[in-house]
Amino acid sequence: MRVTQSMVSANSLRNISSSYNKLAELNNQVATGKKITKPSDDPVVAMKGMYFRSNLNQVEQYKRNLSELHLWMDNSEAGLEQATSGLDRVRELLLQGKSDTNSVDERAAIAKEIAQIKDDLVNVANTQVNGKYIFHGTDVSNPLVTNGTPPTVAANINDPTIDNYTVEVSQGITMKANISPSTTFNQEMFDVLQGIEDKFNSNDTEGLDDLLGRLDGVLNSMNRERAELGARSNRLEMVEARIDAQEVMATKVLSDNEDVDMEKAITNLSVQESVHNAALAVGARLIQTSLIDFLR
Amino acid sequence: MASTFMGLETARRGLTAQQGALYTTGNNIANANTLGYTRQRVDLQQSESFPSVGTNAPKMPGQMGTGVVAGAVVRVRETFLDTQYRSEASKLGYWENRSAALGNLETILNEPSDSGLSAAMDSFWKSLQDMAVDPQNAGARAVVRQRGIAVAETFNYLHQTVSAEKADAKNELSVAEKEINTLLSQIDQVNKQIGSIEPNGYLPNDLYDKRDGLLDELSKFANIKVSYEAPGGNALAQAEGKAIVTLVDDKGNALETLVDRDGAKQVKVNSNADDTAVQSISIGDTVVDINNFNSTGKLKSVVESYGYVDQNGELAGTFNDMLKELDNLAYTFATEFNKVHEEGLSPNEIKDGDKAISFFADSESADGSITDRNGFASRMTISQDIRNSLDNITNADPSNPTLGDATYVSKLAEIINNKYDYGNNSEQSNFRNYFEGVIGSMAVSAQEANKMAANSATLQQTVDNRRMSVSSVSLDEEMTNMIQFQQAYNASARMITVMDELLDKIINGMGVVGR
């Protein structure tokens, strides 16, 4: 084939420019740390990248939702503990006061203490966390109990629709954050307390055994709820561990998909650099001479 | 017997012919770097031998050569390579332009990244999740409103930027139209000049080069076929004649003549009635429907980017398709979101009774209701109710009108993951998948365009290399020729000296025997 000066110079220019192009691409990879900068570089990587990114975002969000669950469960647990110890004390006082050795004054003192405990239970039942009444199901803006003689609980306490304050922990899976108001701070509890207080106030021991039975019922129901809450706390820990693992996985998959392998990219870059230098050097030499240089 | 002066005449012819060849060599060297220049050579031919045949011709032992004559000065060029080059040029013109348009689209959509539409959607979803956890919290509600605005604004931005890109394509289209017409009229003028020179027995090599350059330019815009009309008069056999340029489709069928002996036709791109897309292309008086315009080239690619009316009378084209997909996404998402939002109860509704409050709205409809899918992405906004009060954002199930019920916030968040008929074609998919599909198909087209552009560039370079191999000036070769012609010139001059000495011998030195 006949080769001319313009062909050689055009070819050499083209080669230099294509090698410079590759150099720029590798530079870009090293500088951004990404395999691709636009979807057409690799459509599959791009589409997977979008999916993995959303996935990671979701996992991060679910992880954040868990902190709200912790907040609710820890506060509920604390409230229940306080309520149980209050009720235990009432049971003690009841057993103590039932004995006929007690004088009227002593029984009145017991009634006062029970009244204090009752007020305290009203406060516990109306515990607010971040401005929300946590023992009132989803009706978080209204107090559960109105103080009185006896204290009255809100009318919707047995309404199953408000029973579940749920938080989503992964797609389509929710966890209940609250404890059921109907089985803990219910009207029965306050009625029993009021009944006991009234009996001691009026120095009347008739029917105290019956009240003792009802009090045990209330305690049992509260302990059941507490046990249930404890079990749910365990489940929360498991969910948390799983989400942590998912987060690590999602980050890894995202990175595997689109992050550049630095060692490889930098090696390629320096290889390309020497190729480019060679292309430049050869280009400079090729165009130097022609027959004219050798003619006298 | 030959004439006494025959040798002189032969040598003189040699001198003039070699001189002409040297001048041509000089011209080649001077034009070594001229774009589109084809190297020339003098067609050296033997002059007629002596004696010529005839009844009265003198009888001699044999015919004797009488030297050389310079025939025509011709271009060294292979027309077959021109045809190949032009067919690759039209492909390159098409794919280069398409790859640029899709590249712009990719930059605008900016996926995958932490700042594109999917990132805005993810943030919106996150804010809904935060609100679902704590539905009463005014902060969480404010974030939902702001992220909702961000989603609407992202759609607005994308729609506007793609539309601006479409407007640019329209400018590009009118520039292309103008360029084509300029090229056609230039080709016509050169044709006419050639037509007036050739009958006089000359080869207008410079005009041929100019015309070939113009044809190369024109071939970038569309697939063309060039044929030549034989010149009349006293034209040389090598004369090319007037070029007849025909627009052909990709199967090689002629669509319409662009330039013929009578002149150039005007190419015009005709828009539809709304001036939003290309309807047809007219060449002179012939109107070609855009769907029958299958001539690969930059013109077709710009039309495809800008938009055209397809066989079903609907708008098609790269930018139009993307605008349509954005509308699909925005419209379906906003209407489904509103449906759920209107069903649920917001704190204000719990207080004052149920009314249908929508979250997203159409900025250009009177009551904000979303009814027009076409162009909705550019008009998507947040409803006035939501702007007025954060407590208009829904949270509760109608069966449980309490502030802590987040059933409907979760439902709102789920809309992003639920399957709907986004494409308006009875196929169900969720927002992320649908958008991934849109980006994916754009990416695949862009990748194809990039590859095809690179391929046709390589093919064009190969053909161009072969063409240069035939036609471009090699200085080494010209130097060799120069020496060759110079030596031949010198030798012819020496022949004259020899003849002179011969004549001197017979004129001055003969018949003086014994003197």
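How many Å separate the centres of domain 1 of chain B and domain 3 of chain B? Taken over C-alpha atoms, those two centres are 89 Å apart. Keep that in mind as you go through my notes on this predicted model.

1. **How far to trust it.** Let's start with the scores, since what you're looking at is a prediction. The model as a whole comes with an ipTM of 0.83 and a pTM of 0.86. Chain A has an average pLDDT of 90, and 99% of its residues score at least 70. For chain B the average is 92, with 100% of the residues at 70 or above.

2. **Where confidence dips and peaks.** In chain A, have a look at strand β5 (residues 166-170), where confidence is lowest with a mean of 88. Helix α5 of chain A (residues 208-258) is at the other end, with 92. Chain B has its own pair of extremes: helix α8 (residues 347-352) has the lowest mean pLDDT of its elements, 90, and helix α5 (residues 205-221) the highest, 96.

3. **Domains of chain A.** The domain assignment splits chain A in two, with domain 1 covering 49-255 and domain 2 covering 260-296. Their centres, again taken over C-alpha atoms, are separated by 78 Å.

4. **Domains of chain B.** Here the assignment gives three domains, and you'll need to follow the chain back and forth a bit. Domain 1 is built from 6-76 and 475-508, domain 2 from 82-106, 167-315 and 448-463, and domain 3 from 111-160 and 320-442. Domains 1 and 3 are the pair from my opening question, with 89 Å between centres.

5. **Where the chains meet.** The contact between the chains draws 42 residues from chain B and 39 from chain A. On the chain B side, α2 (79-109), α3 (117-133), α12 (431-471) and α13 (475-508) each supply at least two residues. The biggest giver there is α12(B), with 14 residues. Sort the chain B side by class and you get 15 nonpolar, 18 polar and 9 charged residues.

6. **A helix pair across the two chains.** Now zoom in on helix α2 of chain A (residues 43-98) and α12(B). Their axes come within 8 Å and cross at roughly 160°, which means that α2(A) is roughly antiparallel to α12(B). The crossing is right-handed. On the α2(A) side, the contact uses A:Pro43, A:Ala46, A:Met47, A:Met50, A:Tyr51 and A:Ser54. Facing them from α12(B) are B:Arg432, B:Glu436, B:Ile439, B:Gly440, B:Ala443, B:Val444 and B:Gln447. By class, that contact has 8 nonpolar, 3 polar and 2 charged residues.

7. **A helix pair inside chain A.** Helix α3 (residues 104-125) and helix α4 (residues 187-201) of chain A have axes that come within 8 Å and cross at roughly 160°, so α3(A) is roughly antiparallel to α4(A). This crossing is left-handed. Among the contact residues are A:Ile110 and A:Ile114 of α3(A), and A:Phe190 and A:Leu193 of α4(A). The residues of this contact divide into 9 nonpolar, 2 polar and 3 charged.

8. **A helix pair inside chain B.** Try α3(B) and helix α11 of chain B (residues 407-414): the axes come within 9 Å and cross at roughly 165°. The two helices are therefore roughly antiparallel to each other, and α3(B) passes α11(B) in a left-handed crossing. B:Trp125, B:Leu128, B:Gln129, B:Met131 and B:Ala132 in α3(B) meet B:Val409, B:Ser410, B:Leu412 and B:Ala413 in α11(B). There are 7 nonpolar, 2 polar and no charged residues in this contact.

9. **Backbone spots to check.** Which peptide bond is cis in chain B, ending at B:Pro51? It is the one from B:Phe50, with omega about -5°. B:Pro51 sits in the loop between β1 (40-46) and β2 (68-75) of chain B. In chain A, the peptide bond from A:Thr149 to A:Pro150 is cis, with omega near -10°. Look for A:Pro150 in the loop between β3 (145-146) and β4 (152-153) of chain A. Last one: A:Asn203 isn't a glycine, yet its phi is positive, about 55°. You'll find A:Asn203 in the loop between α4 and α5 of chain A.

Terms used
Residues numbered from 1 in each chain as written. Chains lettered and ligands numbered in written order. Predicted model: local features only at pLDDT ≥ 70, side-chain atom pairs only at ≥ 80, totals over all residues. Axes fitted to C-alpha atoms, helices over the stretch in contact; angles between N-to-C directions. Helix = DSSP H or I, 4+ residues; strand = E, 2+ residues; numbered from the N terminus. Parallel < 35°, antiparallel > 145°, perpendicular 65-115°, else oblique. Left-handed = near helix turned anticlockwise from the far one by under 90°. Contact = placed C-beta atoms within 7 Å. Nonpolar A, V, L, I, M, F, W, Y, C, P; charged D, E, K, R; others polar. Domains from an automatic or database assignment. pLDDT = per-residue confidence, 0-100.
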